[in-house]
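User: I am new to this structure. Please take me through the ligand site and then one ring pair.

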Amino acid sequence: MFVDDSDTGLVIAGLRRYNLFTAAFFLGRQRSLHAEFVRTVGAGPGQRALDIGCGPGKLVRALGTAVGERGAAVGVDPSEIAIADNRRRDLAPNHRYERGPAQDLPFADAEFDVVTCTFVMHHIPAAARSAALGEMWRVLRPGGTLLLADASPGPVMRRVLRPLLGGDPFAEVDIRRYTDGVKATGFTGLEYRQSRYQTGILTAAKPASV
Ligand SMILES: C[S@@+](CC[C@H](N)C(=O)[O-])C[C@H]1O[C@@H](n2cnc3c(N)ncnc32)[C@H](O)[C@@H]1O
């Protein structure tokens, strides 16, 4: 499903398998989770939204609906396969897909009002994660909002998965691990919430006066 490129990250290769996996993991409720991401990051009409590590592009499409035709929803991912697939399937004029890694984003400073990055931080090489946070800061406009998310199953799902997966791999991906890094980058107003859809969500603001 993923190819390990040590410089870039754990890059998606099997979109079909990934879609099957997420359908099972989110018990068919991924649309509701994406709606929660869109609400939580505050994407609205006319805004420019970026989804980093967009994979199959479902969140880009949800963001695109929220920002409407006067806005823009952009997905970026280092996976050539994912970008080609999204470009082929998604012809909405306000959606765009670009190839690139979070640690070296192909966008101008302050180009976006909101930035999302879901289930991706643990795919970025550990040594490049603070550079990735720096890039998120750079491409967000002052006053913009960042949303990071990763898997955080509830206690029942954890109990079911623990014997299957051997231990608790979710401690490793807990999005709260990035709290200090997000603050050190300059973001303020950090908030964490546990979604009912097996996901932890961390939001932060780039202060309006920087
Ligand atoms: C688990 S998938 C998440 C896909 C999508 N964001 C979602 O919510 O379903 C992780 C994604 O991160 C991408 N990725 C891996 N290394 C990356 C990097 N350095 N920068 C940005 N994305 C990366 C992969 O190619 C893959 O699409």
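**The ligand and its shell**

Analyst: The ligand is surrounded by 20 residues, each with a heavy atom within 4 Å of it; the closest are Thr8, Tyr18, Gly53, Asp77 and Thr118. This is a predicted model, in which local features need pLDDT of at least 70, side-chain atom pairs count only at pLDDT 80 or more, and totals for chains, interfaces and linings use all residues. Residues are numbered from 1 along each chain as its sequence is written, and side-chain values use heavy atoms, with hydrogens and water left out.

User: Which strand gives the most to the shell around the ligand?

Analyst: Strands here are DSSP runs of E with at least two residues, numbered from the N terminus. Four residues of the shell come from one strand, residues 9–12, and that is the largest share. The strand is β2.

User: How far is the polar side-chain atom of Tyr18 from an oxygen atom of the ligand?

Analyst: A polar contact is a pair of N or O atoms within 3.5 Å. A backbone N or O atom of Ile12 lies 2.8 Å from a ligand oxygen atom. For the polar side-chain atom of Tyr18, the distance to an oxygen atom of the ligand is 2.7 Å.

User: What is the angle between the planes of Phe21 and Phe25?

Analyst: Rings of Phe, Tyr and Trp (its six-membered ring) pair if their centres lie within 6.5 Å, and planes under 30 degrees apart count as stacked. The count comes to eight aromatic pairs. Phe21 and Phe25 form a stacked pair, 5.9 Å centre to centre. The angle between their planes is 20°.

How values were computed:
Polar contact = N/O pair within 3.5 Å; in protein donor to acceptor, adjacent residues only side chain to side chain. Phe/Tyr/Trp six-rings, centres within 6.5 Å; stacked < 30°, edge-to-face > 60°.
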